[in-house]
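Let's take a walk through this structure together. Keep the picture open and follow along, stop by stop.

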Amino acid sequence: MSRIITVTSGKGGVGKSSVSVNIAMALAHHHYKVCLIDGDFGLKNLDVMMGLENRVVYDLNDVIQGRCDLHQVLVKDKREDSLFLLPACKSLAFQNLDAKVMASLIKHLETEFDFILIDSPAGIEHGFDYATSIADEAIIVVNLDLATLRDNDRVVGLLLKRNIHHISMIINRVNIDDIEEGRSLRIEDAKEILALPLLGIVYDDHEMIEANNRGRPIYLEKGHLLQHCFQNIALRMLGQDVEIAKYRKRNLLTRIFLG
């Protein structure tokens, strides 16, 4: 049986899709078969982040309408043979999505994949209901600002009501300078407010945006700090007792000569 995990957040703009893509890539790199489901029907951006937009022929609506089967809609990643994307569809509204049909599709995917990751739409509307209805676990992505953490405190309560009790947290876009200078909340504040196991930390880096624009997930950049972040997150998901990735400050001379 596969692990079905929704990656969610009560607030948009926290970098949830970037986190979803790179976790999927990291797990596939460890030879697990992974299906990444784009659950954000309104935006449909995972194919672009993964550089797969030209390979998308069918989408979820084609499967539901019987125009293709499930294997035809799955898009294989160009770099990791065990990673597949199930694209979303802009023309399909959540209120028109038959929960029984989706449950049937997920049941079929469970027989083939070790992990099914659902990139859930932000917020707690129809998309959240859809993503949580088919998941057994949840990863909440947050930033270190009070509004985000308060919104996600409510999300935790909703997940528990849906009998999802395996919930962990990833803190994204952590800026050490902002923490040290008091412009940001601290890691300890997030842990205190949400009282969730900390799965990992992803540090703030402009190269994440560049990687998304290139369609080449940052996990593929060997030796990069963010690759190390997602590597550790994946290992912790697999039950290994590894430390959360530590931030390495570059000294002044390194910044001058290497940029």
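Our starting point is Glu 125, which sits in the loop between β5 (115–119) and α6 (126–133). Keep in mind that you're looking at a predicted model. Is Glu 125 buried or exposed? With a relative accessibility of 58%, Glu 125 counts as exposed, because the cut-off for that word is over 50%. Now look for Gly 10: it is 115 residues away from Glu 125 along the chain, yet the two C-alpha atoms are separated by 9.8 Å.

Let's zoom out for a moment. The chain contains 12 helices and eight strands. Its radius of gyration is 18 Å, close to the 18 Å that the globule rule gives for 259 residues, so the chain is as compact as a globular protein of that length. If you drew a box around the C-alpha atoms along the principal axes, it would be roughly 60 × 40 × 35 Å. Of the 259 residues, 54% count as buried. Turning to the outside, the accessible surface comes to about 12,400 Å², and carbon and sulfur atoms make up 48% of that. And how do the parts of the chain meet? Take the contacts with a separation of 6 or more: 75% of them are between residues 24 or more positions apart.

Next stop: helix α7, which covers residues 146–161. How far should a helix like α7 span, at 1.5 Å a residue? Its 16 residues should span 22 Å, and the end C-alpha atoms are 23 Å apart, which agrees. The buried residues in α7 are Thr 148, Leu 149, Asn 152, Val 155, Val 156, Leu 158 and Leu 159. If you look down the axis of α7, these buried residues fall within an arc of 165°, so they line one face of the helix. The face turned away from that buried side carries Arg 154 and Lys 161, both exposed. As for what covers the buried residues of α7, the list includes β1 (3–8), α6, β6 (137–142), β7 (166–174) and α9 (187–194).

The ends of α7 deserve a look too. At the N-terminal end, Asp 145 acts as a cap, with a side-chain oxygen 3.3 Å from the backbone nitrogen of Ala 147. After α7 comes Asn 163, which has a positive phi, near 65°. To see why that catches the eye, remember that most residues other than glycine have a negative phi.

From α7 we can hop over to α9, one of the elements covering its buried residues. In α9, the buried residues are Ile 187, Asp 189, Ala 190, Ile 193 and Leu 194. Viewed down the axis of α9, they fall within an arc of 160°, so here too the buried residues line one face of the helix. What do the buried residues of α9 pack against? Their partners are β6, α7, β7 and β8 (198–203).

Just past α9 you'll meet Ala 195, in the loop that leads on to β8. Ala 195 isn't a glycine, but it has a positive phi of about 50°. Its relative accessible area is 62%, so Ala 195 is exposed. Strand β7 holds another case, Arg 173, where phi is positive at about 60° although the residue is not a glycine. Arg 173 has a relative accessibility of 41% and so counts as partly exposed.

Two buried spots round off the tour. Leu 52 lies in the loop between α2 (46–49) and α3 (60–64). Despite being in a loop, Leu 52 has a relative accessible area of 0% and is buried. Which residues does Leu 52 contact, leaving aside its neighbours within four places in sequence? They are Asp 47, Val 75, Lys 76, Asp 77, Lys 78 and Leu 85. Asn 172, on the other hand, is 120 residues from Leu 52 along the chain, and their C-alpha atoms are separated by 24 Å.

The other spot is Asn 232, in helix α11 (residues 225–237). With a relative accessible area of 9%, Asn 232 is buried. Setting aside neighbours within four places in sequence, Asn 232 is in contact with Val 242, Glu 243, Ile 244 and Ala 245.

Definitions and conventions
Residues are numbered from 1 along each chain as its sequence is written. This is a predicted model: local features need pLDDT of at least 70, side-chain atom pairs count only at pLDDT 80 or more; totals for chains, interfaces and linings use all residues. Side-chain values use heavy atoms; hydrogens and water are left out. Helices (H or I, at least four residues) and strands (E, at least two) are DSSP runs, numbered from the N terminus. Buried means under 20% relative accessible area, exposed over 50%, partly exposed in between (1.4 Å probe, protein chains only). The expected span of a helix is 1.5 Å times one less than its number of residues. The arc is that of the directions from the helix axis to the C-beta atoms. Contact means heavy atoms within 4.5 Å. A polar contact is a pair of N or O atoms within 3.5 Å; within protein, one must be able to donate a hydrogen and the other to accept it, and residues adjacent in sequence count only if both atoms are side-chain atoms. The radius of gyration is taken over C-alpha atoms; the globule rule is 2.2 Å times the number of residues to the power 0.38. Accessible areas come from the Shrake-Rupley method with a 1.4 Å probe; for residues, only the protein chains shown count as cover.
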